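Biologist: Please take a close look at the sheet in this model. Walk me through how the strands are arranged and what lies around them.

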Amino acid sequence: MSDKAASIPRPLPKLEGATGQFYDWCRKGELRFQRCTSCGTFRHPPRELCAECRSFDWEWTRSPGEGTVFTYTIVERALHPAFAGATPYAAVVVEFPEGVRLLSRIVGLAPAEIRIGMPVRVDFEAFSETVTVPVFRLR
Ligand SMILES: [Zn+2]
């Protein structure tokens, strides 16, 4: 990693509204998804309206955090300078039995070892005092 890349901060999510609440749960070590209290449908990323029944009524429901790799891509050339020293890395979409998918990454495994359908479990990685993100490990 060049010194220039090391000095560029990694882009982090804006902790606003339901998105901020999602990351608050992550900071507490809990993966939670929104569940519509009218029809029971889970959703992610966080948003106010249910796409199935158009209800604004929802709650946070804790997920066991176990899913499978739905798809992934290996990034060889970083699109943001903050990630220049991290290549190659895999951007992974994890699918959960709740019916939602989450874009993340897998730790403890080389990108070339990742396979579609691989069972993974959530872990958490703190980037700052306020931002903790879900990552995944092979289970
Ligand atoms: Zn609904």
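Modeller: Two strands count as paired if DSSP finds at least two bridges between them. Strands (E, at least two residues) and helices (H or I, at least four) are DSSP runs, numbered from the N terminus. This is a predicted model: local features need pLDDT of at least 70, side-chain atom pairs count only at pLDDT 80 or more, and totals for chains, interfaces and linings use all residues. Residues are numbered from 1 along each chain as its sequence is written.

Now the sheet. It is open, with 5 strands in the order 6-5-4-7-8. The pairing is antiparallel. Strand 6 (101-104) and strand 8 (132-138) each have a single partner strand, so one side of each is left without a neighbour in the sheet. From one strand to the next, the twist averages 35 degrees. Axes here are lines fitted to C-alpha atoms, for helices over the stretch in contact; angles run from 0 to 180 degrees between N-to-C directions.

Next, one pair within the sheet. Strand 4 and strand 7 (residues 119-126) are antiparallel and share 3 bridges. Gly-67 sits opposite Val-120 in strand 7.

A helix crosses part of this sheet. Helix 2 (residues 17-27) lies across strand 7 and strand 8, at about 60 degrees to strand 8. Contact means that the C-beta atoms of two residues, placed from the backbone, lie within 7 Å.

One loop also deserves a look. Pro-88 lies between strand 4 (66-75) and strand 5 (89-95). The peptide bond from Thr-87 to Pro-88 is cis, with omega near -5 degrees.
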